[in-house]
Amino acid sequence: MTMSEAALTPLKELRVSSHQIPSLGRIPNTSIQGKPLLIYHSAFHVGTSASTIESHLTTVGVVDPQWRYTMYSTSHFHSNTHEVLSIASGKAKLCFGGEDNPKRVEPVMEQGDVIVVPAGVAHRLLEDIDGGFTMVGSYPKGRSWDMCYGKEEEDEKVKGIEHLGWFDRDPIYGDAGPALNV
């Protein structure tokens, strides 16, 4: 068993939450591709470092880790890529779908959780509960991200979401995994 496998919850034991979030104004959420927001609860064991998470993601080879940071406190979404957020430390309440959306999702995420955020899904930090919330932000190989806020001038960019490919392999588990079953 490699160090990376030792830090990962076995797939058969993984608890996953799946959420379809309707559009809100100019924020498409999951309405264009129909791919759900996925939360892999405790995918990485507590205590797994950001470096180990990055190494695991690089080994699986589906996404490239590109940053370590908290989540912006302003609702935003990406029109040109899906996003994989691996919680490296801390605990926070997040908002997906837009804070004015009655069908928004507001989970409390903590170290070890992973969120697969489809392009178009608005997200923001509501509360950093313990003051140390950090994620490893990753994107499909060869992709970088844009920032959209649901403004009229972004309408053309949003149309491009329809043509984005989905994952051929799960970003955390590789040849099997929740992202392949949607």
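In this predicted model, Ile172 touches Leu8, Tyr40, Phe44, His56, Leu57, Val60, Val84, Ser86 and Val114, when residues up to four places away in sequence are not counted. Apart from the core around this residue, which is described next, there is another core of 19 residues, and among them are Met71, Leu94, Val105 and Leu125.

The largest nonpolar core has 22 residues, of which Tyr40, Phe167 and Ile172 touch the most other members. Two or more residues of this core are given by each of the elements strand E2, helix H2, strand E4 and strand E7, and the largest share, four residues, comes from H2. In soluble globular proteins, nonpolar side chains tend to be buried together.

| Element giving two or more residues to the largest core | Residue range |
|---|---|
| strand E2 | 37-41 |
| helix H2 | 50-60 |
| strand E4 | 83-89 |
| strand E7 | 114-117 |

Turning to the chain as a whole, three helices and nine strands are present, and along the sequence they follow the pattern α-β-β-α-β-β-β-β-β-β-β-α. Of the contacts with a separation of 6 or more, 78% are accounted for by residues 24 or more positions apart.

The radius of gyration of the chain is 15 Å, which agrees with a compact globule, because one of 182 residues would have a value near 16 Å. The C-alpha trace spans about 50 × 35 × 25 Å along its principal axes. Buried residues make up 51% of the 182 residues, while the chain exposes about 8,400 Å², of which carbon and sulfur atoms supply 48%. The chain carries 16 positive and 23 negative charges, and the mean positions of these two groups are 2 Å apart.

Notes:
Residues numbered from 1 in each chain as written. Predicted model: local features only at pLDDT ≥ 70, side-chain atom pairs only at ≥ 80, totals over all residues. Heavy atoms only, no water. Rg over C-alpha atoms; globule rule 2.2 N^0.38 Å. Buried < 20%, exposed > 50% of the residue type's maximum accessible area, 1.4 Å probe, protein only. Contact = heavy atoms within 4.5 Å. Areas by Shrake-Rupley, 256 points an atom, 1.4 Å probe, with all protein chains shown as cover. Lys, Arg positive; Asp, Glu negative; His and termini not counted. Charge placed at Lys NZ, Arg CZ, Asp CG, Glu CD. Core = buried A, V, L, I, M, F, W, Y, C linked by side-chain atoms within 4.5 Å.
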